[in-house]
Amino acid sequence: MSDAPAKILLVDDEPDILEILEFNLRKEGFEVATAGNGEEGLAQAREFRPDLIVLDIMMPVMDGVEVCRQLRADATFDNTIITFLTAREEDYSQIAALDTGGDDYITKPIRPRVLISRVKALLRRNARQEEEEDSNFISIGDLEIDLEQIVVRRGKERIELAKKEFDLLTLLASKPGKVFSREEIFNKVWGTDVIVGNRTIDVHIRKLREKLGDHYIKTIKGIGYKFEF
């Protein structure tokens with residue numbers, strides 16, 4: 001990412017939310033654009049080319065899930081971060097948001113400082129991922145994942161993982177903080193042509209926690225898992 005301020009697009013049909021979030025993000029030095037519904041947000045995204053989009057799910061004209069679906073169908077937005085705003089306890093909305101290509105979600109009511117912290121973390125994660133794309137290593141916290149030798153190290157300790165455990169860890173660690181849905185994990189680790197039991201992911205997560213420790217992988221109830229450090 002360049003030294004220019006990151007560009008943030010806020011899409012929400014509540015003017016008060018847009019106003020307070022725009023004010024706080026601008027105060028942090030971000031370049032900010034806003035839109036009041038999904039259709040307007042889609043048009044703004046194509047014109048503004050944001051680095052990150054904060055997208056409400058429930059909106060008139062076009063909902064946030066459909067906006068995300070259309071953006072992810074356009075290769076121009078492959079590296080654009082999309083985080084959703086969802087009502088608390090709306091598991092079905094959160095699952096739909098992540099299944100269509102969302103990177104994260106934030107529950108309402110929104111605290112501006114929490115949003116800013118999450119935005120900064122997502123932007124840092126994206127920058128780190130871009131730096132590591134041409135590398136054979138993922139270095140995160142005290143772990144180093146060697147993609148070429150299929151090895152995980154913590155300091156001088158070598159941690160032996162089975163192939164699917166390694167693949168699962170690599171997927172989760174590729175985007176720390178991103179919530180991966182169970183369907184996404186199945187598709188990317190086992191493939192769409194392989195039939196596995198419903199508990200397969202849970203068993204592999206349990207084995208990873210036994211070998212790495214409990215604190216790296218967090219369960220997001222009803223949705224999936226994410227990597228934290």
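Contact here means heavy atoms within 4.5 Å, and in this predicted model residues 24 or more positions apart account for 55% of the contacts in the protein chain with a separation of 6 or more.

**Figure 1. Overview of the protein chain in the predicted model.** The protein chain has 229 residues, of which 46% are buried, and there are eight helices and 12 strands along it. The accessible surface of the protein chain comes to about 11,700 Å², and carbon and sulfur atoms contribute 48% of that surface.

**Figure 2. Close-up of helix 2 and helix 3, which pack with their axes 9 Å apart.** Two packed helices are described by the angle between their axes and the distance between the axes. For helix 2 and helix 3 (residues 64–72) the angle is about 25 degrees, and because angles under 35 degrees count as roughly parallel, these two helices are described as roughly parallel to each other. The crossing in which helix 2 passes helix 3 is right-handed. On the side of helix 2 the contact involves G38, L42, A45 and R46, which meet V67, Q70 and L71 of helix 3. Sorted by class, the residues of this contact are four nonpolar, two polar and one charged.

**Figure 3. Close-up of helix 6 and helix 7, whose axes come within 10 Å.** Helix 6 spans residues 163–174 and helix 7 spans residues 182–190, and their axes cross at roughly 125 degrees. Helix 6 and helix 7 are therefore oblique to each other, and their crossing is right-handed. The residues that make the contact are K164, D167, L168, L171 and L172 from helix 6, together with I185, K188, V189 and W190 from helix 7. In terms of class, this contact of helix 6 with helix 7 has six nonpolar and three charged residues, but no polar ones.

**Figure 4. Close-up of E165, a buried residue in helix 6.** The relative accessibility of E165 is 4%, and because buried means under 20%, E165 is counted as buried. When residues up to four places away in sequence are not counted, E165 touches H204, K207, L208 and K211. One of these partners, H204, lies 39 residues from E165 along the chain, and yet the C-alpha atoms of E165 and H204 are separated by 6.0 Å.

**Figure 5. Close-up of the cis peptide bond that joins K108 and P109.** Most residues other than glycine have a negative phi, and most peptide bonds are trans. At the bond between K108 and P109, however, omega is about 0 degrees. P109 is found in the loop that runs between strand 5 (104–108) and helix 5 (112–132).

**Figure 6. Close-up of R49, a residue other than glycine with a positive phi.** The value of phi for R49 is near 55 degrees, and R49 has its place in the loop between helix 2 (38–48) and strand 3 (52–56). With a relative accessibility of 42%, R49 is counted as partly exposed.

**Figure 7. Close-up of I150, in the loop between strand 7 and strand 8.** I150 is a residue other than glycine whose phi is positive, with a value near 55 degrees. The loop that holds I150 lies between strand 7 (143–146) and strand 8 (151–154), and at 36% relative accessibility I150 is counted as partly exposed.

How values were computed. Residues numbered from 1 in each chain as written. Predicted model: local features only at pLDDT ≥ 70, side-chain atom pairs only at ≥ 80, totals over all residues. Heavy atoms only, no water. Axes fitted to C-alpha atoms, helices over the stretch in contact; angles between N-to-C directions. Helix = DSSP H or I, 4+ residues; strand = E, 2+ residues; numbered from the N terminus. Parallel < 35°, antiparallel > 145°, perpendicular 65-115°, else oblique. Left-handed = near helix turned anticlockwise from the far one by under 90°. Nonpolar A, V, L, I, M, F, W, Y, C, P; charged D, E, K, R; others polar. Buried < 20%, exposed > 50% of the residue type's maximum accessible area, 1.4 Å probe, protein only. Areas by Shrake-Rupley, 256 points an atom, 1.4 Å probe, with all protein chains shown as cover.
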